[in-house]
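Subject: Handing over a structure

Dear colleague,

I am passing on to you the structure that follows, together with an account of what was found in it. Please keep it open beside this message as you read.

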Amino acid sequence: MTTAAKDPVRGQAPPGRRTPRPGAVAARRPRRPPGRLRRIGLPYLLLLPALALELLIHLVPMVIGIVMSFRELTQFHIRDWSAAPWAGLDNYRLSVDVDGPAGQALLHSFLVTCLFTVLTVGLCWLLGTAAAICMQDRFRGRGLLRALFLTPYALPVYAAVITWAFMFQRDNGMVNHVLHDQLGLSGDRPFWLIGDNSFTALVIVAVWKSWPFAFLIVTAALQAVPRELYEAAAIDGAGMIQQIRRITLPSLRSVNQVLVLVLFLWTFNDFNTPYVLFGRAAPEAADLISIHIYQSSFVTWNFGTGSAMSVLLLLFLLLVTGIYLFATSRRRRTADG
C-alpha cells in the first residue's frame, strides 16, 4: 500500500498524487557506470586502436627478430624459420668477435656510423640554429625564405636522394661540372659514389635532408622567447654574439636536448639515404651499420647473424638514450636547484 506525499505547507498529502515506490524510480532511471570508472576507462578505450597497431607493426616483429637471433637461420630454413636449429648465443659471439671477419666488419661499420652521426647531427643543429636565428627578425621575403628552407624536408626521401645521385655522377653530374669545369677546383673529375669520397657525399645528402627539421624546431622554440630581453640587452650594450650566448642558447636548452636526441636516433638508424644513394652494396667508406645489417641478412642470407646485429644495435641505442636522458635530467635539476 502506497502512502501519499504530504503537502509541504499544510502537512497533508495533495489530492490525486501518490508517492512512487523506490524500486519503480530506480527502474525508470538508466543505469550509468560511476563517473570515476568512465574517466579511467575512456582514455584506454581511445588508445586501443593505436596500441593494437603498435603491437602488430613494431612489437610483434621485434619479438620475432629477437627469437630469430638465437637460431641458425639461413636460406635453407626460410620457408619454416621456426624449424631452424637453435644456435644460442653463437650469433652474438660471432658478431662481437673483433678477431673474426664478421666482427671486424661490424666494428668498422659501427665506427663509420658513429663518425657519420656526429658530423650529421652537429651540422644539422648548427645550420638549423643559425638559420632560425637569422630568420627571427622581420624583413621582406622572410616567409619565402622559410618556405625554401623547408623544401628538403618536404620532398620525398627517395626523390631527393635519387636527384643527388644524378648530381654526383662523375661524367655528367652537376657537382663535378661546377667544381671541375666552372671553378677548376679539382684537377680531375672525382668519383663521389665510390671510394673515400662516398662518405663525404653521404654526409652532404644527409645534412641537406635533415637540417630543415632542426630549423623548424628551433624556429618554433624562438617564438616563446620574449623580444623585451633582446631589447634590454641591446640597451645595455650587448652585441649580437652576446645576445645569442646569454639569451638565445640558454632559452633553447630544453628544446635542444630533445632535438639532438631525435636527430641522433634518426641518423644512426638511417637506411633509406645510403641504400638509395649507393644501392645494395655501399662502399667501405660509407658502410653504415644499417646497410651492413641489411647485407648480412638479405644479401648473404644469414638471417640469424643479421638479427643478432639488430638486437645489439637496439641495445646500444637504448643504452645511449638512457645515459643521455639521465645526464640531461640531472643537469636540469642542478640548474634549477
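A good place to begin is helix α7, residues 157-167, in which Ala160, Val161, Trp164, Ala165 and Met167 are the buried residues. Because these residues cover an arc of only 160° around the axis, they lie on the same side of α7. The cover over the buried residues of α7 includes α8 (174-182), α9 (197-222) and α13 (272-278). Please bear in mind throughout that this is a predicted model.

For the wider setting, the chain has 15 helices and zero strands, and 33% of its 337 residues count as buried. Among the contacts in the chain with a separation of 6 or more, 61% are between residues 24 or more positions apart. The accessible surface of the chain comes to about 21800 Å², and carbon and sulfur atoms account for 65% of that surface.

As a general background, nonpolar side chains in soluble globular proteins tend to be buried together. In this model the largest nonpolar core has 45 residues, and those that touch the most other members are Phe116, Phe168, Leu202, Leu222, Leu263, Leu277 and Phe278. At least two residues of this core come from each of α4 (101-134), α7, α9, α10 (227-235), α11 (240-251), α12 and α13, while α9 gives the most to this core, with 14 residues.

Leu277 is one of those core residues, and, if residues up to four places away in sequence are not counted, Leu277 touches Val161, Trp164, Ala165, Leu193, Ala201, Leu202 and Val205. Of these, Val161, Trp164 and Ala165 are among the buried residues of α7 described above. Apart from the largest core lies another core, of eight residues, which include Phe268, Ile289, Leu313 and Leu317.

Helix α12, residues 253-268, has 16 residues and reaches 22 Å from its first C-alpha to its last, which is close to the 22 Å expected at 1.5 Å a residue. The buried residues in α12 are Asn256, Gln257, Leu259, Leu261, Leu263, Phe264, Thr267 and Phe268. Two of these names have already come up, since Leu263 belongs to the largest core, whereas Phe268 belongs to the core of eight residues.

A last detail concerns Ser329, which is found in helix α15, residues 303-336. The side chain of Ser329 reaches the backbone oxygen of Leu325 at 2.9 Å, and the side chain of Ser329 also reaches the backbone oxygen of Phe326 at 2.9 Å.

With kind regards

Notes. Residues are numbered from 1 along each chain as its sequence is written. This is a predicted model: local features need pLDDT of at least 70, side-chain atom pairs count only at pLDDT 80 or more; totals for chains, interfaces and linings use all residues. Side-chain values use heavy atoms; hydrogens and water are left out. Helices (H or I, at least four residues) and strands (E, at least two) are DSSP runs, numbered from the N terminus. The expected span of a helix is 1.5 Å times one less than its number of residues. Buried means under 20% relative accessible area, exposed over 50%, partly exposed in between (1.4 Å probe, protein chains only). Contact means heavy atoms within 4.5 Å. Accessible areas come from the Shrake-Rupley method with a 1.4 Å probe; for residues, only the protein chains shown count as cover. The arc is that of the directions from the helix axis to the C-beta atoms. A polar contact is a pair of N or O atoms within 3.5 Å; within protein, one must be able to donate a hydrogen and the other to accept it, and residues adjacent in sequence count only if both atoms are side-chain atoms. A nonpolar core is a set of buried Ala, Val, Leu, Ile, Met, Phe, Trp, Tyr and Cys residues joined through side-chain atoms within 4.5 Å.
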